[in-house]
Amino acid sequence: MASSLTCAGVVWALLSFLCAVASCVGFFMPYWLLGSQMDKPVSFGTFRRCSYPVRDEERQATVMLEQCGRYASFQGIPSLEWRICTVVTGVGCGLLLLVGLTALMGCCVSDLISRTIGRVAGGIQFVGGLLIGSGCALYPLGWDSEEVRQTCSNSSDQFVLGSCEIGWAYYCTGSGAVAAMLLCTWLACFAGKKQKHYPY
């Protein structure tokens with residue numbers, strides 16, 4: 001099986017895929033912000049939530065439904081900042097995944113990744129990481145929404161957690177983006193083999 005990648009390119013391909021997977025898993029999981037409401041653990045992502053209050057008509061009381069799900073609509077996401085974060089982070093994850101899968105294919109297909117294509121792919125990774133980083137920076141602006149305040153003992157505000165804490169998925173998403181921006185972008189410059197020049 002012929003490869004279009006150098007040794008540094010193979011490392012780049014594997015690292016690119018791992019960074020993309022870390023960012024995508026972290027983005028999809030609703031464990032960016034952890035707190036509690038009515039003595040039940042509650043967690044938020046950008047577009048998902050675990051545990052939410054519902055009205056129990058039999059008991060005529062509000063109870064916590066302990067399951068995870070997406071918001072019913074895009075407008076149902078608690079704040080404008082989280083909606084923007086969802087779109088920006090989602091696009092960034094898509095770019096990282098596209099480059100990561102293409103780089104893995106470069107391990108098996110000859111003449112797929114040239115030096116120029118490797119550098120363009122590195123640029124795309126940098127943009128993807130920048131978008132995800134922007135989404136992570138926007139996320140705390142939504143901590144002043146009513147849903148978050150109820151979960152964080154009514155003491156949260158923009159960039160103020162109150163009684164809540166940042167969850168592992170936020171760190172997973174951000175670290176995948178940082179590694180893609182710094183390591184993968186640099187390795188991409190050395191990923192492709194020099195193309196042979198044919199006389200025709």
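A contact here means heavy atoms within 4.5 Å, and in this predicted model, among contacts between residues at least 6 apart in sequence, 66% join residues at least 24 apart.

Begin with the whole chain in cartoon view, where the secondary structure comes to 5 helices and 5 strands, running from the N terminus in the order α-β-β-β-β-α-α-α-β-α. The radius of gyration is 21 Å, well over the 16 Å that the globule rule gives for 200 residues, so the protein is more spread out than a compact globule. Turned along its principal axes, the protein has C-alpha atoms that fill a box of roughly 80 × 30 × 25 Å. If you switch to a surface, about 10400 Å² is exposed, with carbon and sulfur atoms supplying 65% of it, while 40% of the 200 residues count as buried.

Next, show the aromatic side chains, which form 11 aromatic pairs in the structure. Select Phe28 and Phe47, a tilted pair with 6.1 Å centre to centre and 55 degrees between the planes. Phe28 lies in helix H1 (residues 7-28), whereas Phe47 sits in the loop between strand S2 (40-44) and strand S3 (48-56). Phe28 is partly exposed at 41% relative accessible area, but Phe47, at 14%, counts as buried.

Then move to Tyr139 and Tyr170, also tilted, at 6.0 Å centre to centre and 40 degrees between the planes. This pair joins the loop between helix H3 (115-138) and helix H4 (146-151) to helix H5 (residues 168-188), across 31 residues. Tyr139 is buried at 0% relative accessibility, and Tyr170 is buried at 17%.

Finally, extend the selection to Trp32, Phe44, Trp82, Trp143 and Tyr171, which form one aromatic cluster with Tyr139 and Tyr170.

Note on methods:
Residues numbered from 1 in each chain as written. Predicted model: local features only at pLDDT ≥ 70, side-chain atom pairs only at ≥ 80, totals over all residues. Heavy atoms only, no water. Helix = DSSP H or I, 4+ residues; strand = E, 2+ residues; numbered from the N terminus. Rg over C-alpha atoms; globule rule 2.2 N^0.38 Å. Buried < 20%, exposed > 50% of the residue type's maximum accessible area, 1.4 Å probe, protein only. Areas by Shrake-Rupley, 256 points an atom, 1.4 Å probe, with all protein chains shown as cover. Phe/Tyr/Trp six-rings, centres within 6.5 Å; stacked < 30°, edge-to-face > 60°.
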